[in-house]
Amino acid sequence: MRTHRLAVIVASFLAAAALSGQMLNPKALLKPPADSWPTYNGDYSGKRFSPLTQINSSNVGSLALAWFYRIMNVGPQRGVGNPDIKSTPLMVNGVLYFTIPDHTWAVDARTGEEIWHYGWQDKGGHLVGNRGLGMYGDWLYFLTPDCWFVSLNAKDGRERWRKKIADEKMQYFCTAAPLVVKNHVLVGVGGDAMDVQGFLESRDPETGDVQWRWNTTPHKGEPGAETWPDPDAMAHGGGMTWLPGTYDPELDLIYWGTGNPNPVFAGQGRKGANLWTASIVALHADTGKMAWYHQPSPHDTHDWDNVETPILIDGLYHGQPRKMLAQAARNGIYTLLDRTDGRSLVTKAFVGGNWMKGIDAEGQPIPDPAKQPTVDGSLVNTPGGGATNWPPPSFDPETGLFYVNAKEGYGLTYLTDDDPKPQGYGGGGGTGFSEPVLLALDYQTGGEKWKHVYPSGGFGNAFPGILTTAGKLLFTGDPSGNLVAYDPATGRILWHFRTGTMVSNGPSTYLLNGTQYVVVAAGDTLFAFKLVERPQ
Amino acid sequence: MLSRGRSCGCAFLLAVAALQLHAQEDMPAPGRGARGNVRAFLGLGPPPDAAAAARGEKLFNPNCEFCHGERARGASGPNLVRSQVVLDDEKGEAIGAVVAEGRPDKGMPAFPAFTKDQLYDLAEYLHMQVELVANRGSYKRLNIVTGNAQAGEAYFNGAGGCSACHSVAGDLAHIGGKFQPDQLQNQFVWPGGRGFGGGRGAAPAEKVTVTLPSGQSVTGTLRRIDDFNVSIRDSAGDYHSWPREAVRVQIEDRLAAHRQLLAKYTDADIHNLTAYLVTLK
């Protein structure tokens with residue numbers, strides 16, 4: 001009886017602890033994710049590497065489904081069909097928060113029970129995807145397809161306020177997960193169709209008001225203007241900011257990838273490098289002033305957004321400790337930079353590369369004019385849509401390998417608008433040939449350490465992201481609808497689970513009440529896994 | 001264990017020449033449930049009235065083009081395709097007011113003589129120009145036949161190795177009359193099947209032979225293969241599946257020659273071959 005009472009008291013205490021509030025301790029953002037997953041990439045480094053080891057290479061064979069949550073209450077989405085979860089859920093104080101376009105949910109991270117759902121009625125914008133939320137204290141932030149910046153109360157999903165970021169009538173649309181850095185909420189935009197200007201804004205977490213705005217393209221007379229023919233081309237030059245960046249608290253710099261220039265495939269009206277599109281930029285967190293830039297795809301004409309996660313690596317470079325930044329980009333280029341000053345360390349093609357003539361003194365590729373889109377078609381040894389895309393890569397500091405799901409193959413690009421002043425996309429790709437692969441790259445050289453060739457084709461532009469853990473595991477999906485665990489050192493397959501449809505987000509992991517969970521989305525369903533028996 | 005057979009590409013597979021559309025991601029492929037409504041996906045609102053736009057063009061060219069440029073892309077006056085007024089307008093209510101009253105402060109004269117219907121037609125012409133830019137599902141290829149047909153014929157019979165499997169008197173007879181040039185070009189560069197087409201559309205059936213531990217082999221068409229399982233439908237129409245570690249899988253690779261060409265083609269080879277095939281009327 002006495003023990004029973006004690007058990008009840010302990011249980012009540014645990015319940016009270018779990019319900020003591022949804023508030024996110026800002027310090028959680030500064031350490032590798034373990035008992036929380038408080039931001040899109042888990043932490044500011046973008047590594048998507050977890051220090052957790054409860055699930056590890058020796059016991060992963062007994063990893064099993066704990067619960068699943070299927071979206072049943074929204075129906076087909078406009079122009080898209082069945083809901084597809086591309087967001088990485090946040091996990092804070094036992095609650096998972098995730099999105100699809102126009103919708104946000106809070107779900108019990110232990111049981112999968114829905115706690116609340118928030119729905120938005122958009123007035124336009126593309127429903128191509130939504131990558132998730134940002135969190136600050138008790139508040140959640142997400143972007144709608146028609147570019148409203150919405151704050152919700154994490155406790156009950158009630159809307160606090162909404163602020164307009166960009167005009168969907170100008171064909172802006174928003175898919176990004178806001179990134180919270182100190183008292184800044186960083187929000188990026190998308191939009192390729194009407195030649196609008198890209199920008200990144202810092203917004204106040206309490207009021208939603210603008211703190212600073214950084215424009216991807218310069219105005220007349222500003223630095224970078226020399227890389228455009230005229231002010232009109234700059235003002236309509238694109239460079240969207242649609243994926244969350246990363247942050248170095250010591251340097252107080254945020255790192256962001258920028259999208260392709262506009263018009264997208266038709267470059268004849270924007271001769272020059274088109275800064276700062278298709279670049280990696282370092283911005284001071286409090287002001288948005290640019291510290292440095294590096295442009296992996298100068299004068300891009302292939303729709304090769306350079307937004308892919310700039311991963312922050314602290315490690316050795318040729319034997320010396322160095323603060324670095326690594327990116328595997330849509331144009332097939334692996335870039336390693338010194339992130340204090342942007343100095344180039346490595347520029348190496350991991351896929352293709354016949355579109356460039358060489359590499360300049362700053363380590364930036366020199367595009368070959370002969371391989372730009374033409375009216376009759378120009379063949380590049382990079383598949384249509386690029387070598388990779390937004391799905392999150394991962395860096396494992398224990399193996400020193402950078403992992404990316406990629407596509408090898410070929411694409412033909414056509415110019416469909418040969419006007420001296422083209423507009424919009426102005427062209428497009430042919431059907432193409434591509435073979436999906438999982439690549440493990442040596443971070444210091446970009447060289448391939450191992451490659452897993454998936455036996456069936458079928459990566460489009462949305463495919464599984466990657467998670468690595470100190471349990472010596474790499475989790476990702478294959479094109480055939482399996483979640484697979486690999487040995488990150490060798491690429492050997494250790495475990496798999498058939499999710500039915502292709503994994504559609506980046507897997508994540510967290511420790512909750514002593515149990516490690518791995519969570520992944522496939523289409524309209526969130527799956528959570530744990531070991532069948534908790535190790536003693 | 002997976003191996004690819006090496007047999008000749010005996011059929012000229014006619015894949016649909018889909019224009020692949022990039023950006024953050026692809027637009028939805030047509031014809032799958034609620035997917036495929038490109039205008040809905042892009043959030044472009046109601047489509048422009050094509051008949052009104054055609055009438056509006058006849059008004060635009062003599063009255064507006066002088067300042068606003070060909071296809072309204074801007075000259076001494078502003079580009080109207082990227083104009084906030086045009087993009088916010090629904091059916092001429094905003095555009096019509098500007099045209100009728102002009103913008104004297106900016107040097108634009110008023111056009112008070114246009115009727116309400118004419119203002120609507122002009123607005124729809126501008127909306128059509130927006131449509132042709134913003135709706136990338138509406139893009140049309142320009143004239144892609146730029147190559148040298150004689151050089152293409154030489155490539156067909158020589159370096160390209162096409163004539164090893166194809167015949168212009170046989171499987172390719174009159175091919176130039178059956179397809180548009182850009183479809184033809186797509187069909188020989190991307191003939192469909194494994195890896196081609198980025199998973200779009202129905203891939204042609206692949207012949208597969210599965211050898212069991214007993215040494216017995218089963219032949220059929222491949223349904224699905226991953227690192228863990230393989231499933232087929234045999235010639236009698238029966239379904240079978242096996243774990244990959246238990247069997248040996250051989251997939252007939254009829255398109256090996258097409259795939260190998262991708263690493264060899266120059267752009268001129270492709271254009272010349274297209275120019276040649278187009279002549280096979």
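Visitor: What radius of gyration does chain A have, and what would a compact globule with 536 residues have?

Guide: Chain A has a radius of gyration of 22 Å, which agrees with the value near 24 Å for a compact globule with 536 residues; the radius is taken over C-alpha atoms, and the globule rule is 2.2 Å times the number of residues to the power 0.38. This is a predicted model, in which local features need pLDDT of at least 70 and side-chain atom pairs count only at pLDDT 80 or more, while totals for chains, interfaces and linings use all residues. Residues are numbered from 1 along each chain as its sequence is written, and chains are lettered from A and ligands numbered from 1 in the order in which they are written.

Visitor: How many helices and strands are there in chain A?

Guide: Chain A holds 2 helices and 37 strands, where helices (H or I, at least four residues) and strands (E, at least two) are DSSP runs numbered from the N terminus.

Visitor: And what percentage of chain A is buried?

Guide: Buried residues make up 64% of the 536 residues in chain A, a residue being buried if 20 or more other C-beta atoms, placed from the backbone, lie within 10 Å of its own, exposed if 12 or fewer do, and partly exposed in between.

Visitor: Why is strand 32 of chain A said to be largely enclosed?

Guide: Strand 32 (residues 473–477) of chain A is largely enclosed by the rest of the structure because 5 of its 5 residues are buried. A:Leu473, A:Phe475 and A:Gly477 point one way from the strand, and A:Leu474 and A:Thr476 point the other way.

Visitor: Which way does strand 31 run against strand 32 in chain A?

Guide: Strand 31 (residues 466–469) of chain A runs antiparallel to strand 32 of chain A, joined by 4 bridges; two strands pair if DSSP finds at least two bridges between them. These two strands form a hairpin with 3 residues between them, and A:Lys472 in the turn has a positive phi of about 55 degrees.

Visitor: What about strand 33 of chain A, in what sense does it pair with strand 32?

Guide: Strand 33 (residues 482–486) of chain A pairs with strand 32 of chain A in the antiparallel sense over 4 bridges, and A:Leu483 is the bridge partner of A:Gly477.

Visitor: Switching topic, how many residues does each chain give to the contact?

Guide: Chain B gives 58 residues and chain A gives 64 residues, with two residues in contact if their C-beta atoms, placed from the backbone, lie within 7 Å.
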